[in-house]
Amino acid sequence: MSFTDFDRQMMAEALRLAEHGRYSTSPNPRVGCVICRDDQIVSRGWHQRAGEGHAEVKALEQLSDARAATAYVTLEPCSHRGRTPPCADTLINAGVSRVVVAVEDPNPLVAGRGITRLREAGIQVDVGLMATQAEALNIGFMRRMRGGLPWLRLKSASSIDGRTAMASGESQWITGPAARADVQKLRAQSCAILSGVETILHDDAALTVRGESFSAEDPSASVLEGQWRQPLRLIVDSALRTPVDASLFKAGGEVVIATRVANSKRHQALIAAGATVVVLEDDGHGKVSLPAVMQYLADRSCNEVLLEAGAILAGAVLRAGLVDEWFVYMAPCLMGSSGRPLIDWPMAAMSEQQAVDIIDIRAVGKDWRIQCRVPKRDGSAEEQS
């Protein structure tokens, strides 16, 4: 299919609209829609949150007559009834004559059926315009729907000499306010925040999204209105050491404690504090299996997960080959050779090194943010969009 420059401009606008849902649509994908007639935009829409109208519905609500119009949609219109009616049927009933789709929906409930239904109704459907950008916008959703685990981002903060804390454990604050505000955006777009019990014991971290960190330029109106959702927070706590009076439980939202301890009496105290306690399989060394943690999050419909943890858990997750993307915030300071390292991963030879692909480096306030992709240890290629 040959797309015109106008087609590309309209899909770019639909992708811009989809971006508005970055912090609010989970577990649904971020989707935008533009409806045009006679090379003019007549309506726009984007999916705001699960349970509400999809992008196509939002765009059509603004039109009294969509006959002979073209709809540009960043993801294949759904063909099944969930909490909302099938968008493919909505477009058919509205009388549009053409639908341009960026990428097919890998959801097994859709998977080409929406496109087929539109074509059977006599609507011209063209697929594949700006597919790479559309995939990247929903990278976790795409992977999970294809039978994979959530997309896992690791966030680390260090001094320029690669230290994350002093030998005593003191670590607040390494980076400045701009970098910490940037981390809030990573949290807000995540379905879950993953951490370890050591972070709770040492820092009493709440791991919540704080809306004051967002600026008026942020594209998501829902964030600016204070209506974003708090991600699920999962704490890996093999021996069940999480204090019942931790700040984690005072901030609202769901807290999950993943453990190997099956003692129901110890569970009850945490449940009374507000936690969900899940017993997951052993990794063979008395610790919670990290792949089992990720599978649990996939089963909970988590698309994107942010790991905020100390060197031991961060190193273990890296060694397990579970990290897809790594954000390192580097502060312009030195913390000395006795400070704690960025990750705990002993290596004896250069042949053991783990390569990373740096895809972006930028200043964030006085600090630097280095964004990397982490190739799989077997050398296989993963989504690199």
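**View 1. Contacts across the whole chain.** Among the contacts in the chain with a separation of 6 or more, 69% are between residues 24 or more positions apart. The model shown here is predicted. Its chain has twelve helices and 16 strands. Of the 385 residues, 52% count as buried.

**View 2. The nine-stranded open sheet.** What is the order of the strands in this sheet? It is β11-β10-β9-β8-β12-β6-β13-β16-β15, and the pairing is mixed. Strands β11 (275–279) and β15 stand at the edges. Each has a single partner strand, so one side of each is left without a neighbour in the sheet. From one strand to the next, the twist averages 20°.

**View 3. Strand β8 and its two partners.** Strand β8 covers residues 192–196. Its partner β9 (residues 232–236) runs parallel to β8, and five bridges join the two. Find I193 in β8: its bridge partner in β9 is R233. Strand β12 also runs parallel to β8, joined by three bridges. Here L194 has L307 of β12 as its bridge partner.

**View 4. The side chains of β8.** In a regular strand, side chains alternate between the two faces of the sheet. Which residues of β8 point which way? A192, L194 and G196 point one way, while I193 and S195 point the other way. All of them are buried. With five of its five residues buried, β8 is therefore largely enclosed by the rest of the structure.

**View 5. Helix α7 against the strands.** Helix α7 (residues 177–188) has twelve residues. From its first C-alpha to its last, α7 reaches 17 Å, close to the 16 Å expected at 1.5 Å a residue. The helix lies across β6, β8, β12, β13, β15 and β16. It runs at about 165° to β13. Which residues of α7 are buried? They are A179, A181, D182, V183, Q184, L186, R187 and A188. These buried residues pack against strands including β6 (151–159), β13 (325–331) and β16 (367–373).

**View 6. Helices α3 and α4 side by side.** Helix α3 spans residues 87–94 and helix α4 spans residues 113–120. They pack at an angle of about 20°, with their axes 9 Å apart. The two helices are therefore roughly parallel to each other. Their crossing is right-handed. On the α3 side, the contact is made by A88, D89, L91 and I92. On the α4 side, G114, R117 and L118 take part.

**View 7. The surroundings of L75.** L75 sits in the loop between β3 (70–73) and α3. Is L75 buried or exposed? Its relative accessibility is 3%, so L75 counts as buried. Leaving aside neighbours within four places in sequence, L75 is in contact with P29, V31, E56, V101, V103, E104, D105, F141 and M142. Look also for A131, 56 residues from L75 along the chain. The C-alpha atoms of L75 and A131 are separated by 8.9 Å.

**View 8. The β1–β2 hairpin.** Strand β1 (residues 32–37) pairs with strand β2 (residues 40–46) in the antiparallel sense, over six bridges. One bridge to pick out is at V34, whose partner in β2 is R44. The two strands form a hairpin with two residues between them. In the turn, D38 has a positive phi of about 55°.

How values were computed: Residues are numbered from 1 along each chain as its sequence is written. This is a predicted model: local features need pLDDT of at least 70, side-chain atom pairs count only at pLDDT 80 or more; totals for chains, interfaces and linings use all residues. Side-chain values use heavy atoms; hydrogens and water are left out. Helices (H or I, at least four residues) and strands (E, at least two) are DSSP runs, numbered from the N terminus. The expected span of a helix is 1.5 Å times one less than its number of residues. Buried means under 20% relative accessible area, exposed over 50%, partly exposed in between (1.4 Å probe, protein chains only). Contact means heavy atoms within 4.5 Å. Two strands pair if DSSP finds at least two bridges between them. Axes are lines fitted to C-alpha atoms, for helices over the stretch in contact, and angles run from 0 to 180 degrees between N-to-C directions. Angles under 35 degrees count as roughly parallel, over 145 as roughly antiparallel, 65 to 115 as roughly perpendicular and the rest as oblique. A crossing is left-handed if the near helix is turned anticlockwise from the far one by less than a right angle, and right-handed if clockwise.
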